[in-house]
Amino acid sequence: MNKKILKVSFPEKCIGCELCVLAAQRQVGKASFEGSPIRIMGGKKGYDIHLDPSVNDLDVNKISEICPKGCFSVEEGGQEEGLEFKAEEDV
Ligand code: SF4
């Protein structure tokens with residue numbers, strides 16, 4: 001059975017608000033930023049958004065919808081078993 005996959009589609013739009021981090025943490029009952037499957041790192045050119053594959057075990061629609069800048073998309077994909085998150089590759 002396919003499951004939903006959270007993907008960072010527009011990282012350049014990120015403003016570093018970390019609402020996505022809090023949304024993910026809320027789903028696992030944590031109030032802190034620690035151990036979140038989403039990490040936002042400030043860089044020279046804005047923010048980098050790092051997703052741990054375990055984020056796909058959460059309600060990814062809620063995480064995507066909370067982002068005020070629309071940085072994420074939710075895609076169908078991944079199997080119940082095996083690798084569920086893969087980076088885009090140049091073919
Ligand atoms: S909610 Fe969106 S804008 Fe805010 S930190 Fe997360 S990805 Fe960036």
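The following paragraphs lead through the predicted model of this protein chain and its ligand.

The protein chain contains 2 helices and 4 strands. Read from the N terminus, these elements follow the order β-α-β-β-α-β. Of the 91 residues in the chain, 18% are buried. Contacts between residues at least 6 apart in sequence are made up, to 68%, of pairs at least 24 apart.

Confidence in the prediction deserves attention before the details. The mean pLDDT of the protein chain is 87, and 84% of the residues reach 70 or more. Among the elements, H2 has the highest mean, 98, and strand S4 (residues 72-77) the lowest, 93. Over residues 81-91, by contrast, pLDDT stays under 50, and the model has 8 contacts beyond four places in sequence for this stretch. Where pLDDT is low, predicted coordinates should not be read in detail.

Strands S2 and S3 offer a starting point for the fold. They pair in the antiparallel sense over 6 bridges, and a hairpin of 2 residues connects S2 to S3. Gly43 lies opposite Gly46 of S3.

The approach to helix H1 passes through the loop that follows strand S1 (3-8), and Glu18 is found in this loop between S1 and H1. Although Glu18 is not a glycine, its phi is positive, at about 65 degrees. Glu18 counts as partly exposed because it has 17 C-beta neighbours inside 10 Å, a number that falls short of the 20 required for a buried residue. At the other end of the helix, Gly29 comes just after H1 and takes a positive phi of about 75 degrees. Within H1, the buried residues are Cys20, Ala23, Ala24 and Gln25. The elements that cover these buried residues include S2 and H2.

The interior can be followed from here. The largest nonpolar core has 13 residues, of which Leu6, Cys20, Ala24, Ile38, Ile49 and Ile63 touch the most other members. Two or more residues each are given to this core by H1, strand S2 (38-43), S3 and helix H2 (60-66). H1 makes the largest contribution, with 3 residues. In soluble globular proteins, nonpolar side chains tend to be buried together.

Leu6 and Phe72 illustrate how distant parts of the sequence meet. Beyond its neighbours within four places in sequence, Leu6 is in contact with Leu51, Val55, Asn56, Val60, Ile63, Ser64, Phe72 and Val74. Phe72 belongs to strand S4, and it counts as buried because 25 C-beta neighbours lie inside 10 Å. With the neighbours within four places again set aside, the contacts of Phe72 are Leu6, Lys7, Val8, Ser9, Ile63, Ser64 and Cys67. The C-alpha atoms of Phe72 and Cys20 are separated by 9.6 Å, although these residues are 52 apart along the chain.

The ligand remains to be placed. It is surrounded by 14 residues, the closest being Cys14, Cys17, Cys20, Cys67 and Cys71. Cys20 thus appears both among these closest residues and among the buried residues of H1. Helix H1 (19-27) and strand S3 (46-51) each supply at least two residues of the shell. By class, the shell comprises 11 nonpolar, 1 polar and 2 charged residues.

Conventions. Residues numbered from 1 in each chain as written. Predicted model: local features only at pLDDT ≥ 70, side-chain atom pairs only at ≥ 80, totals over all residues. Buried ≥ 20, exposed ≤ 12 C-beta atoms within 10 Å, placed from the backbone. Contact = placed C-beta atoms within 7 Å. Near = placed C-beta within 6 Å. Nonpolar A, V, L, I, M, F, W, Y, C, P; charged D, E, K, R; others polar. Core = buried A, V, L, I, M, F, W, Y, C linked by C-beta atoms within 7 Å. pLDDT = per-residue confidence, 0-100. Pairing = 2+ DSSP bridges.
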